[in-house]
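Dear colleague,

Please find below the structure I promised to pass on to you. The notes that follow it set out what was found there.

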Amino acid sequence: MITIYHNPRCSKSREALALAEQFSSEKKIKLEVVDYQKTPLTLAQLQTLQRQLGCPASAMVRDNEAEYAELNLAQADDATLLQAVAAHPKLLQRPVVVYGNRAVIARAPGVFNELLDT
(Lines give C-alpha, C1' and ligand atoms only; values in the text may rest on other atoms or scores of the structure.)
Protein backbone atom coordinates (compact mmCIF):
# COMPACT_ATOMS: atom_id res chain seq x y z
CA MET A 1 0.00 0.00 0.00
CA ILE A 2 1.04 3.59 -0.65
CA THR A 3 -0.06 6.34 1.70
CA ILE A 4 0.25 10.00 0.84
CA TYR A 5 -0.22 12.73 3.41
CA HIS A 6 -1.66 15.33 1.10
CA ASN A 7 -2.69 18.97 1.04
CA PRO A 8 -4.91 19.53 -2.01
CA ARG A 9 -4.03 23.24 -2.09
CA CYS A 10 -0.30 22.53 -2.54
CA SER A 11 0.99 22.12 -6.11
CA LYS A 12 3.86 19.83 -5.01
CA SER A 13 1.37 17.67 -3.15
CA ARG A 14 -0.92 17.46 -6.18
CA GLU A 15 2.06 16.45 -8.36
CA ALA A 16 3.03 13.71 -5.92
CA LEU A 17 -0.56 12.51 -5.75
CA ALA A 18 -0.69 12.19 -9.53
CA LEU A 19 2.49 10.09 -9.47
CA ALA A 20 1.13 7.96 -6.63
CA GLU A 21 -2.15 7.39 -8.47
CA GLN A 22 -0.29 6.36 -11.62
CA PHE A 23 2.02 3.99 -9.72
CA SER A 24 -0.88 2.57 -7.74
CA SER A 25 -2.88 1.94 -10.91
CA GLU A 26 0.02 0.37 -12.81
CA LYS A 27 1.10 -1.90 -9.94
CA LYS A 28 -2.43 -2.54 -8.68
CA ILE A 29 -1.45 -1.37 -5.21
CA LYS A 30 -3.93 0.25 -2.86
CA LEU A 31 -3.49 4.01 -2.43
CA GLU A 32 -4.57 5.80 0.72
CA VAL A 33 -4.84 9.57 0.46
CA VAL A 34 -4.90 11.40 3.78
CA ASP A 35 -5.72 15.10 3.87
CA TYR A 36 -3.69 15.63 7.00
CA GLN A 37 -5.29 18.98 7.71
CA LYS A 38 -8.76 17.42 7.89
CA THR A 39 -7.47 14.24 9.55
CA PRO A 40 -4.45 15.29 11.63
CA LEU A 41 -1.84 12.72 12.55
CA THR A 42 -1.52 11.72 16.18
CA LEU A 43 1.74 12.08 18.04
CA ALA A 44 2.28 8.32 17.76
CA GLN A 45 1.69 8.43 13.98
CA LEU A 46 4.14 11.32 13.65
CA GLN A 47 6.76 9.41 15.63
CA THR A 48 6.32 6.41 13.32
CA LEU A 49 6.52 8.68 10.30
CA GLN A 50 9.74 10.21 11.61
CA ARG A 51 11.29 6.75 11.93
CA GLN A 52 10.18 5.87 8.41
CA LEU A 53 11.64 9.11 7.08
CA GLY A 54 14.87 8.58 8.99
CA CYS A 55 15.29 12.29 9.68
CA PRO A 56 15.16 14.75 12.54
CA ALA A 57 11.75 16.20 13.28
CA SER A 58 12.99 19.59 12.08
CA ALA A 59 13.03 18.21 8.51
CA MET A 60 9.33 17.38 8.83
CA VAL A 61 8.31 20.88 9.86
CA ARG A 62 7.42 23.84 7.66
CA ASP A 63 9.45 26.60 9.27
CA ASN A 64 7.91 29.29 7.08
CA GLU A 65 4.46 29.02 8.68
CA ALA A 66 3.32 31.68 11.14
CA GLU A 67 2.68 29.00 13.80
CA TYR A 68 6.36 28.04 13.71
CA ALA A 69 7.41 31.53 14.80
CA GLU A 70 4.46 32.00 17.15
CA LEU A 71 5.31 28.77 18.98
CA ASN A 72 9.02 29.68 19.07
CA LEU A 73 10.07 26.37 17.53
CA ALA A 74 13.44 27.37 16.07
CA GLN A 75 15.39 25.72 18.91
CA ALA A 76 12.81 23.05 19.78
CA ASP A 77 13.75 19.41 20.26
CA ASP A 78 12.17 16.55 18.31
CA ALA A 79 9.51 15.82 20.92
CA THR A 80 8.37 19.44 21.03
CA LEU A 81 8.31 19.71 17.24
CA LEU A 82 6.24 16.57 16.83
CA GLN A 83 3.80 17.74 19.51
CA ALA A 84 3.51 21.05 17.66
CA VAL A 85 2.75 19.28 14.37
CA ALA A 86 0.16 17.10 16.09
CA ALA A 87 -1.55 20.23 17.43
CA HIS A 88 -1.01 22.33 14.27
CA PRO A 89 -1.10 20.01 11.23
CA LYS A 90 -0.35 22.94 8.92
CA LEU A 91 3.26 22.64 10.15
CA LEU A 92 3.78 19.23 8.52
CA GLN A 93 6.08 19.34 5.52
CA ARG A 94 4.27 18.09 2.44
CA PRO A 95 3.70 15.85 0.70
CA VAL A 96 4.83 12.80 2.63
CA VAL A 97 4.61 9.47 0.84
CA VAL A 98 4.88 6.14 2.65
CA TYR A 99 5.57 2.92 0.76
CA GLY A 100 6.39 -0.24 2.65
CA ASN A 101 8.33 0.72 5.74
CA ARG A 102 9.95 3.81 4.21
CA ALA A 103 8.76 7.35 3.68
CA VAL A 104 9.93 10.46 1.85
CA ILE A 105 9.02 14.10 1.76
CA ALA A 106 8.20 14.11 -1.94
CA ARG A 107 8.58 17.75 -2.86
CA ALA A 108 10.69 16.69 -5.86
CA PRO A 109 9.47 13.94 -8.24
CA GLY A 110 12.91 12.30 -8.18
CA VAL A 111 12.65 11.65 -4.44
CA PHE A 112 9.25 10.05 -4.96
CA ASN A 113 10.63 7.83 -7.74
CA GLU A 114 13.58 6.73 -5.56
CA LEU A 115 11.12 5.56 -2.91
CA LEU A 116 9.11 3.53 -5.41
CA ASP A 117 12.22 1.94 -6.91
CA THR A 118 13.07 0.27 -3.59
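I begin with Lys90, which touches Gln37, Arg62, Glu65 and Glu67, leaving aside residues up to four places away in sequence. Please bear in mind throughout that this is a predicted model. Lys90 lies in the loop between helix 4 and strand 3, and with a relative accessible area of 35% it is partly exposed. Lys90 and Ala66 are 24 residues apart in sequence, while their C-alpha atoms are 9.7 Å apart in space.

Salt bridges

The count of salt bridges comes to two. In one of them, the side chains of Lys90 and Glu65 meet with an N to O distance of 3.6 Å. Lys90 belongs to the loop between helix 4 and strand 3, and Glu65 to the loop between helix 2 (43-53) and helix 3 (66-70), so this pair ties together parts that are 25 residues apart in sequence. Arg62 also forms a salt bridge with Glu65, and here the closest N and O atoms are 2.9 Å apart. Both Arg62 and Glu65 are buried; for Glu65 the relative accessibility is 11%. Through shared partners, the salt bridges join Arg62, Glu65 and Lys90 into one network.

Arg94

Arg94 is found in the loop between helix 4 (78-87) and strand 3 (96-99). Which side chain of opposite charge is nearest to Arg94? That side chain is Glu65, at 4.4 Å. As a salt bridge requires a nitrogen of Lys or Arg within 4 Å of a carboxyl oxygen, Arg94 is left without one, although Arg94 is buried. Not counting residues up to four places away in sequence, Arg94 touches Asn7, Cys10, Tyr36, Arg62, Glu65, Ile105 and Arg107. Two members of the salt-bridge network, Arg62 and Glu65, are thus among the contacts of Arg94.

Cysteines

Cys10, one of the residues that Arg94 touches, is buried, with a relative accessibility of 7%. How many disulfides does the model contain? The count comes to zero. Cys10 is in no disulfide, and the nearest cysteine sulfur, that of Cys55, is 17 Å away. Seen from the other side, the closest cysteine sulfur to that of Cys55 is the one in Cys10, and the 17 Å between them is too far for a bond. A disulfide is a covalent bond between the sulfur atoms of two cysteines.

Aromatic pair

A search of the whole structure finds one aromatic pair. The ring centres of Phe23 and Tyr99 are 5.5 Å apart and the ring planes stand at 85°, so the pair is edge-to-face. The pair links distant parts of the chain, with Phe23 in helix 1 (residues 11-27) and Tyr99 in strand 3, 76 residues apart. Both Phe23 and Tyr99 are buried.

Confidence

Finally, a word on the confidence of the prediction. The mean pLDDT of the chain is 93, and 99% of its residues reach 70 or more. Among the elements of the chain, helix 4 has the highest mean pLDDT, at 98, and helix 5 (residues 109-116) has the lowest, at 77.

With kind regards

Notes: Residues numbered from 1 in each chain as written. Predicted model: local features only at pLDDT ≥ 70, side-chain atom pairs only at ≥ 80, totals over all residues. Heavy atoms only, no water. Helix = DSSP H or I, 4+ residues; strand = E, 2+ residues; numbered from the N terminus. Buried < 20%, exposed > 50% of the residue type's maximum accessible area, 1.4 Å probe, protein only. Lys, Arg positive; Asp, Glu negative; His and termini not counted. Contact = heavy atoms within 4.5 Å. Phe/Tyr/Trp six-rings, centres within 6.5 Å; stacked < 30°, edge-to-face > 60°. pLDDT = per-residue confidence, 0-100. Disulfide = S-S within 2.5 Å.
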